[in-house]
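Visitor: I should like to learn how to read the surroundings of a single side chain and then of the strands about it. Where shall we begin?

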Amino acid sequence: MTKLLLIEASPRGQHSVSRNMARRFVRDWLAAHPDGEVIERDLMDAGLQFVSAAWLQAYFTPAQQHSPEMANELQLSNELVAELLAADHIVIATPVYNYNVPAVLKAWIDHVVRKGLTLGFDGRGLVTGKKATVLIASGGIYTEGSPIQNRDIATHYLRLVLGVIGISDVTFVAGGGAKAVDLGEASMEGFVEKLGADIKRAASM
């Protein structure tokens, strides 16, 4: 069974453009993979903590030497890594805050980039044979030809970190100009519909 892992990072619920893009993607993906399974991980409800001294101590201690407290520190991280490794296709739906990803998505990345699990001790990525799609909603437009294209930190960062863990087959769907929805200049449905062809193409790959 083909598995899709959906990672969502927006705090805005139904008012989130990236979440609405994700709903459209899942619909199209299930149409293309009727026997597929979708695993949803809402980072706003995941109880993610930023990396702490206790977490790092557990991370750098061999598993066979873990105390119960150390094992507890890494429990959620281990679950997130297992979800990632079990998926065939990873979808990250995220807004852009101040040109980069939200802190909660950075926290997820810090929990899943793990030496010996997703990253080899030789620096090679271990998450191979998978594809990823990144659905980005941003107030600004950063696509090629934009005068602020050089501010597109989120896309470059996510491509880099996915490549580091071994995922090189990455498709981006850029929902630039999403502030039009908040300003009432475009409806949510209309905005997402304009991205429909790109979303469907990514979901059908």
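Guide: The model is a predicted one. Let us begin with the contacts of one residue: apart from neighbours within four places in sequence, Thr155 is in contact with Ile136 and Phe172.

Visitor: In which helix does Thr155 lie?

Guide: Thr155 belongs to helix α5.

Visitor: Does Thr155 count as buried or exposed?

Guide: A residue is called buried when its relative accessible area is under 20%. Thr155 has 14% relative accessibility and therefore counts as buried.

Visitor: How should one read the path of the chain through helix α5? I would also ask which strands pair here, and over how many bridges.

Guide: Strands β4 and β5 (residues 169-176) run parallel and are joined by eight bridges. Within this pairing, Thr133 has Thr171 in β5 as its bridge partner. From β4 the chain passes through helix α5 (residues 153-164) to β5, a β-α-β crossover that is right-handed.

Visitor: Why may strand β4 be described as largely enclosed?

Guide: Strand β4 spans residues 131-138, and seven of its eight residues are buried, so the rest of the structure largely encloses it.

Visitor: What is the sense of the pairing between β3 and β4?

Guide: Strand β3 (residues 89-95) pairs with β4 in the parallel sense, over seven bridges. Opposite Ile92 stands Val134 of β4. Here the connection from β3 to β4 goes through helix α4 (residues 103-112), and this β-α-β crossover is right-handed.

Definitions and conventions
Residues numbered from 1 in each chain as written. Predicted model: local features only at pLDDT ≥ 70, side-chain atom pairs only at ≥ 80, totals over all residues. Heavy atoms only, no water. Buried < 20%, exposed > 50% of the residue type's maximum accessible area, 1.4 Å probe, protein only. Helix = DSSP H or I, 4+ residues; strand = E, 2+ residues; numbered from the N terminus. Pairing = 2+ DSSP bridges. Right-handed = clockwise from strand over helix to strand, strands pointing away. Contact = heavy atoms within 4.5 Å.
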